[in-house]
Amino acid sequence: MWRSLRPLGRSAASGGYRRYAWTDADADCRLWFRMQAEARRLDVEIDRNGNQWAWLGDPTAGDAVVTGSHLDSVPDGGAFDGPLGVVSSFAALDELRARGVSFKRPLAIVNFGDEEGARFGLACVGSRLTAGRLTKEQAYELRDADGISLPQAMEAAGYDPDAIGPDPERLARIGAFVELHVEQGRALDLSGDAIGIASSIWPHGRWRYDFAGEANHAGTTRLVDRRDPMLTYAETVLAARREAELAGAVATFGKIAVEPNGVNAIPSLVRGWLDARAADQDALDAVVAGVETAARDYADRHGIDLTVVRESFTPVVDFSHALRDELSRILGGAAASSTGTSGPSGKVPVLGTGAGHDAGILSESIPTAMLFVRNPTGVSHSPAEFAAEDDCLAGVRALADVLEELACR
């Protein structure tokens, strides 16, 4: 599976992946998903929001167990973020069939669309629409860097944008959703564990900062006569780092757009996007407020007009305690059976994460849980993202153990 998936959407220049929603690379990944499902005699279904489902058993029977993740990527992303969960889901089904188990509940593997939000700027579009966390009207307002709207992109890819919207009937048929994901950090590497269980997802959001100044000649305009928004932007980036350190949080300006974007021109507009995350809401509020206060102070000082828009926000996600405890029980027993899922403590660690996931979006609607696979470098959203084969196989065994207990007993 890795060999067949690896070249899809990969940039020869960077070695990273550019699997953006409703593009040719996305279509190739969707075809790959369909082929894997059909090779396993699963019934493939595409829901009203473009998410792919591969079913074993009757989808309408109710109380289904669902696993999976996403196949899209951030710009020049790594091979594991998202795809590891999908590949491991198919592999876990292979493992369960090899064990000869009988399924008592329907099982589905899902590929959620546009999880990373790389094209339209909003993460988890497919799951947000399904859960009613994004309205049809809001989705229709989403546009990419070329001005193409989400419905236009969907239609060009052969999907019906008129159908998108909440799907409560589908969610009502799901009894549990378990998502496996490569860890985006080094907690497991530091503890010596191959597998972890998620406790919660930090609250997080994205804010757009528009710094408007005055375009002018870079060679002839005196420093004292300039209204240069790049200076205010640069000072705001440093303020974000300071505020994050004070709150024990993280804050990042990772995307920027400049107008007119000339080497010899003072910018008229600098637009930057702030990504901020913290362990609790109070800390996140402190960071966001601190950054905006500093930015407005700098803007006033330099004669810059500042507009701040919150583009997305996800509150803290506390995964289902009952399902999380069930996973701990299952994998604790698996550890005792030497399946390689636990580390020195003999227990599977439970840890929080600052990264958002489809499981987090769905958590308000259905019981959800997450498994993490060790990432020895902690690097993610980069071509350097990595997980060792032994750890990936441990993840498959752990997911198979969980699915066997949930769907077969």
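## A walk from pocket to sheet

Start at the second largest pocket, which holds about 450 Å³ of space. A pocket here is an open set of points on a 1 Å grid over the protein atoms alone, where a 1.4 Å probe fits, with protein on both sides within 12 Å along at least five of seven lines. Its volume is the space filled by probe spheres set on the points, which are joined across faces, edges and corners.

Before you click further: this is a predicted model, where local features need pLDDT of at least 70, side-chain atom pairs count only at pLDDT 80 or more, and totals for chains, interfaces and linings use all residues. Residues are numbered from 1 along each chain as its sequence is written, and side-chain values use heavy atoms, with hydrogens and water left out.

Now select Trp 2, Arg 6, Phe 80, Leu 84 and Cys 392, which lie nearest the centre of the second largest pocket among its 24 lining residues; lining means having an atom within 4 Å of a point. Helix H3 (83-99) and helix H13 (389-408) are the elements giving two or more residues to this lining. Helices are DSSP runs of H or I with at least four residues, strands are E runs of at least two, and both are numbered from the N terminus.

Stay on H3 and add helix H2 (residues 24-39): the two pack at about 10 degrees, axes 11 Å apart. Axes are lines fitted to C-alpha atoms, for helices over the stretch in contact, and angles run from 0 to 180 degrees between N-to-C directions. H2 and H3 are therefore roughly parallel, the label for angles under 35 degrees. Show Trp 32, Phe 33, Gln 36 and Ala 37 in H2, which meet Val 86, Val 87 and Phe 90 in H3; contact means heavy atoms within 4.5 Å.

Just before H3, pick Asp 76, in the loop between strand S3 (64-70) and H3. Its phi is near 55 degrees, a positive value in a residue other than glycine.

Next, the open sheet: 4 strands in the order S9-S11-S7-S12, with antiparallel pairing. Strands pair if DSSP finds at least two bridges between them. Strand S9 (250-259) and strand S12 (305-314) are at the edges with a single partner strand each, so one side of each lacks a neighbour in the sheet. S9 pairs with strand S11 (residues 269-277) over 9 bridges, and Ala 251 stands opposite Ala 276 in S11.

Last stop: Pro 260, in the loop between S9 and strand S10 (265-266). A cis peptide bond joins Glu 259 to Pro 260, with omega about 0 degrees.

Technical notes: Angles under 35 degrees count as roughly parallel, over 145 as roughly antiparallel, 65 to 115 as roughly perpendicular and the rest as oblique.
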